[in-house]
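This report describes a single protein model in running text, moving from individual residues to the overall fold.

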Amino acid sequence: MRLVRFGAPGEEKPGLIDDEHVLRDLSHEIDDIAGSVLSRDGLAHLASLDPKSLPKADPSHRLGPPVGRIGHFLGIGRNFAEHAKETGAETPTQPLLFSKAPSAIGGPHDDIIMPKDATKLDYEAEIAIVIGEEALYVSEAEAMDHVAGFCLCNDVTERTFQKDRGGQFIKGKSSPGFGPLGPWLVTKDRIEDPQAFDIWLNVNGEPRQKGTSADMIFSFATLVSHISHFMKLMPGDVITTGTPAGVGAGMNPPRFLQVGDIVTLGASGLGEQRLVVVERKS
């Protein structure tokens, strides 16, 4: 299934995209795509529905993030060797884990807001894992049983905040608009090989990033297992899993995003995002 949430920010309804690419309204079946709805039983119920029995929804609706009530919004740094190299950092021997504030989350076509005092605004096209079942001390062999599906993420980052303002990465990862997700959550059963996603990102039509999840240093299963040994992962938690080479900070000279830039990105089977960098209003 391709699950979506549509409507104004904070008022999104649950829906799905059927095989004929029609937006269908799920709000009479579930209250949101969140919590237990993402469990094996919850997804099995949705899969049992005849999509054509669901009301059509106006396709002009804004698409929000495809998961609601997200608790942990976690990221993995330097999970592609070429990206680690372009930033001048060592390749990690264990997953480099950081947090993004859930308040950064937005929809796939929402604006990227230039933060106050930002000077080095950057992009990172990534694949995000959505957790479906509680996971604590799970093995790699068990890890994917706890995953509901995958979605596209742009791990927007302000490099000055990240590297030069002290503390942890979360400072540079958490401004409003820094976590666009979607357009849809693709459930695990529709993904033949999660380590074969093609990933790309363009800025103003210029190709910047192109890679594949086959090049991840730590696989999706490794990441879920590893993180579960430090915290209990809950249904609806999101883990964005690292970016290929080609970020602005890695170019010579660096090329950071400016107000008015249009960032487009996508991944095979996970749809596309179109994001415009805008000035902060207040």
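L181 is placed in the loop that links β12 (179–180) to β13 (185–187); helices (H or I, at least four residues) and strands (E, at least two) are DSSP runs, numbered from the N terminus. L181 counts as buried because its relative accessibility is 0%, where buried means under 20% relative accessible area, exposed over 50% and partly exposed in between (1.4 Å probe, protein chains only). L181 and L54 are 127 residues apart along the chain, and their C-alpha atoms are separated by 24 Å.

The model is predicted: local features need pLDDT of at least 70 and side-chain atom pairs count only at pLDDT 80 or more, whereas totals for chains, interfaces and linings use all residues. Residues are numbered from 1 along each chain as its sequence is written, and side-chain values use heavy atoms, with hydrogens and water left out.

Backbone geometry comes next. Most residues other than glycine have a negative phi, and most peptide bonds are trans. Two residues with positive phi are set out below.

| Residue | Phi | Loop | Relative accessibility |
|---|---|---|---|
| H21 | about 65° | between β2 (13–17) and β3 (23–25) | 61%, exposed |
| R69 | near 50° | between α1 (40–48) and β4 (73–77) | 58%, exposed |

A cis peptide bond, with omega about 0°, joins N252 and P253. P253 lies in the loop between β16 (238–240) and β17 (262–267).

The protein contains six helices and 18 strands. Five strands form an open sheet of mixed pairing, in the order β7-β18-β17-β14-β15. Its edge strands, each pairing on one side only, are β7 (112–113) and β15 (206–212); two strands pair if DSSP finds at least two bridges between them. Strand β14 (residues 198–203) pairs with β15 in the antiparallel sense over six bridges, and L201 has Q209 in β15 as its bridge partner.

The C-alpha trace spans about 55 × 45 × 30 Å along the principal axes. The radius of gyration of the protein is 18 Å, which agrees with the value near 19 Å for a compact globule of 282 residues; the radius is taken over C-alpha atoms, and the globule rule is 2.2 Å times the number of residues to the power 0.38. Buried residues make up 56% of the 282 residues. Of the contacts (heavy atoms within 4.5 Å) between residues at least 6 apart in sequence, 74% join residues at least 24 apart.
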